[in-house]
Amino acid sequence: MQTKPNERSASVFAQLRFADCSSLFTLPHYRRGVERNTQLRIVYTKPYSVGVAARQPLLDSEMANDGCVHLKEYKSVKGFRTYRLIHAYFVSCTSAEARRRKADSCICSICKKRGPRLHICLHCIYFGCYSGHIQEHAHRKQHLLALDISHGRILCFACDDYVYDSDYENQACEIKEISNRNLGLPHQYKSWEPSLIEQELLLEHPRRKRITHDSTIGLRGLINLGNTCFMNCIVQALTHTPLLRDYFLSDRHVCQFSDRPDHCLVCEVARLFQEFYSGSQEALTLNRLLHLIWTHARHLAGYEQQDAHEFFIATLDVLHRHCTGANANGGDSNSHQCNCIIDQIFTGGLQSDVVCTSCSGVSTTIDPFWDISLDLGTTPATGDTSKVPKSLLDCLERFTRPEHLGSSAKIKCSSCQSYQESTKQLTMKKLPVVASFHLKRFEHSSRFHKKISSFISFPEHLDMTPFMSHRRNNNNNNSDLAASSVADEPYINDNRYSLFAVINHVGTLEAGHYTAYIRQHRDNWFKCDDHIITKANIKDVLNSEGYLLFYHKQFLEYE
Amino acid sequence: MKEEDVLTAKMIESGELNRWKELLRLRLTECGWRDQVRLLCRDAIKQGNLEEMTVDQLNNEVTPKARQLVPDAVKIELLTKIKTFLQENTLQESQ
Ligand SMILES: [Zn+2]
Ligand SMILES: [Zn+2]
Ligand SMILES: [Zn+2]
Ligand SMILES: [Zn+2]
Ligand SMILES: [Zn+2]
Ligand SMILES: [Zn+2]
């Protein structure tokens, strides 16, 4: 009894392999007769996070001279209407109706099969497979052009090859984007192609910097200006944040202070990135940066020894304000809707669910965050020392656990309109590209200041899936709600992170010093102690105390 | 219609086939497969007789190597998705 469905699936696998997998290999743009080895290199380093860093492109710009005359003629006579229709219905279906039509009609007119490599005649909408039936039709009717329905590539029977036309390619791209949106899929990957200006620049500057695996480019010590190690270690972490580095090295900042660029912290950081990746190994002095941050975050100015965490958040805040052109000190720096590079990289969304213990009514709010501060001590309510977290995962588990707010913290419930005890739970609604964790090692109260030096283990690779709202949230007993939160889960779901920087505080509260471990290339670790940089390994990093931990998302979606 | 055809039609109609393709495309880009295959194609073009090299020939040349380069993790992820789909859809029919 049980073998039957298996047999059935096996044969479907076989068919799938035959019909579709071969079509999944996307071929690069290639025109016969011309070798395209114009290899341009703008790659400054090995891309860490996939896809976002400039890759190693073949120059795919339009070849001006030849190309297929048959397609050119077709274009001048028929334009784009037929092509668009065929594409939207049978290649990248843009609606449920189109998918139904495709399922019904994409079958070879002769052999009644779905493949191999089904084509559709661009002249009369005839379906034929590539094992001879589309060819037969083309010769019999003298219909020269057909479309491969798996890729939307145009086949010319007169040229006897696939041919390309940038106008049709652009149309195909547009339709594909609609189709992806219709299916709730992320944006498609587009490889980088140099614009005309970029092509000129590349030709003018033929020297390419190639970064070898053992290169020390990007590593620079930082002079201590008198207790400024808190700043040095944050700058080391920021300059080794892959996506931020990509942003600055590709020169993307458009200054909002055109009249006073010396006023702009983003410009200063852009300059720093150039310094860091110039290849020089001399230690840098960050006096301008410090001055700018003190000017724009006055609450920090003047302290003897500052807290690296406080400095990190203040720096992000000033950067965010300068990205958006907001000059006001403090004021409206709402990062809720902001699309600046700082918010694109560091902002996540924290969901807070407060459940009334009397009526089970849930009130949900979502707040943006730049970092997550994690308690290391005993839970204040219980004082149970066995519950002290021993790892980052323990901390996160505790952070996202439902917490009973107790009788002293009654909240007015919006459902039953009375003051009731409630449970509160925090979960991750949206994950940031860089997850920054702050281990609360410093306890300040009116009575004492102390440092918690207990060992908290943290992993090199971290999966945040268990702490996501749709996973962790067990408040809703309501089955409808549960079902809808599953539907919220994105189709392509990968929440894995890897560690790329750790900031440590060594010593006591009174006489302390900050150092940083940073990851260079894919897996080289270095210890940055002001102007001294030494090679380290991942063991040193994972055994260190850890004060601020920086993780980078492994897979990024295209936006 | 044969059972296979019904299932294939369902895969297309529900958009699953498209989703799988996109997932596969994404994974192959992420793991560097796409770049590797680009290089394979470039090498094949450099070595081949340019006047006669067609996309089909390139396809024939590169496909066997490209298939081997697909990481197992990617295959397994995709197969799991396909299996789940098939199980769900064969279950529905028997009910
Ligand atoms: Zn025809
Ligand atoms: Zn056929
Ligand atoms: Zn032609
Ligand atoms: Zn600026
Ligand atoms: Zn912002
Ligand atoms: Zn209530």
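# Exercises on a Predicted Model

In this predicted model, chain A contains an open sheet of five strands, arranged in the order S2-S1-S3-S4-S5 with antiparallel pairing. The exercises below begin with this sheet and proceed to the metal sites, a helix pair and two backbone features.

## Exercise 1. The sheet of chain A

Determine which strands are the edge strands of the sheet, how many bridges join S3 to S4, and which strands H5(A) touches.

Solution.
- Step 1. The edge strands of chain A are S2 and S5 (161-163), since each is paired on one side only.
- Step 2. Strand S3 (residues 145-148) and strand S4 (residues 154-156) of chain A run antiparallel and are joined by three bridges. A:Leu147 has A:Ile154 in S4(A) as its bridge partner.
- Step 3. H5(A) packs on the sheet and touches S1, S2 and S3 of chain A. The direction of H5(A) makes about 15° with that of S1(A).

## Exercise 2. The zinc ion (ligand 1)

Identify the protein donors of the zinc ion (ligand 1), and state what spacing they follow along the chain.

Solution.
- Step 1. Four protein donors lie 2.0 to 2.2 Å from the zinc ion (ligand 1): A:Cys121 (SG), A:Cys124 (SG), A:His137 (NE2) and A:His143 (ND1).
- Step 2. The angles among the four donor atoms are 101 to 116°, and the site is tetrahedral.
- Step 3. Along the chain, the donors of this ion have the spacing C-x2-C-x12-H-x5-H.
- Step 4. Buried means under 20% relative accessible area. A:His137, with a value of 2%, is therefore buried, and A:His143, with 17%, is buried as well.

## Exercise 3. The zinc ion (ligand 2)

Establish why the arrangement around the zinc ion (ligand 2) is classed as it is, and locate A:Cys111 and A:Cys129 in the chain.

Solution.
- Step 1. The coordinating atoms belong to A:Cys108 (SG), A:Cys111 (SG), A:Cys129 (SG) and A:His133 (ND1), at 2.0 to 2.3 Å.
- Step 2. Four donors count as tetrahedral if all angles lie between 85 and 135 degrees. The angles here are 99 to 119°, so the arrangement is tetrahedral.
- Step 3. The donor residues are spaced C-x2-C-x17-C-x3-H in sequence. A:Cys111 lies in the loop between H4 (96-105) and S1 (119-121) of chain A, and A:Cys129 in the loop between S2 (127-128) and H5 (133-141) of chain A; the pair links distant parts of the chain, 18 residues apart.
- Step 4. A:Cys111 is partly exposed, with a relative accessible area of 28%, whereas A:Cys129 is buried at 0%.

## Exercise 4. A helix pair in chain B

Classify the relation between the directions of H1(B) and H2(B), and name the residues that make the contact.

Solution.
- Step 1. The axes of H1 (residues 3-14) and H2 (residues 16-30) of chain B come within 4 Å and cross at roughly 70°.
- Step 2. Angles of 65 to 115 degrees count as roughly perpendicular; H1(B) and H2(B) are therefore roughly perpendicular to each other.
- Step 3. H1(B) contributes B:Met11, B:Ile12 and B:Ser14 to the contact, and H2(B) contributes B:Glu16, B:Leu17, B:Arg19 and B:Trp20.

## Exercise 5. Positive phi values

Describe the location of A:Lys112 and of A:Asn227, and decide whether A:Lys112 is buried or exposed.

Solution.
- Step 1. A:Lys112 is not a glycine, yet its phi is positive, about 60°. This residue is found in the loop between H4 and S1 of chain A, and at 58% relative accessibility A:Lys112 counts as exposed.
- Step 2. A:Asn227 also has a positive phi, near 60°. A:Asn227 lies in the loop between H7 (196-204) and H8 (229-239) of chain A, and is partly exposed at 35%.

Note on methods. Residues numbered from 1 in each chain as written. Chains lettered and ligands numbered in written order. Predicted model: local features only at pLDDT ≥ 70, side-chain atom pairs only at ≥ 80, totals over all residues. Heavy atoms only, no water. Donors = N, O, S within 2.8 Å, 3.2 Å for Na, K, Ca; no water. Tetrahedral: all angles 85-135°; square planar, octahedral: opposite > 155°, others 65-115°. Buried < 20%, exposed > 50% of the residue type's maximum accessible area, 1.4 Å probe, protein only. Pairing = 2+ DSSP bridges. Contact = heavy atoms within 4.5 Å. Axes fitted to C-alpha atoms, helices over the stretch in contact; angles between N-to-C directions. Parallel < 35°, antiparallel > 145°, perpendicular 65-115°, else oblique.
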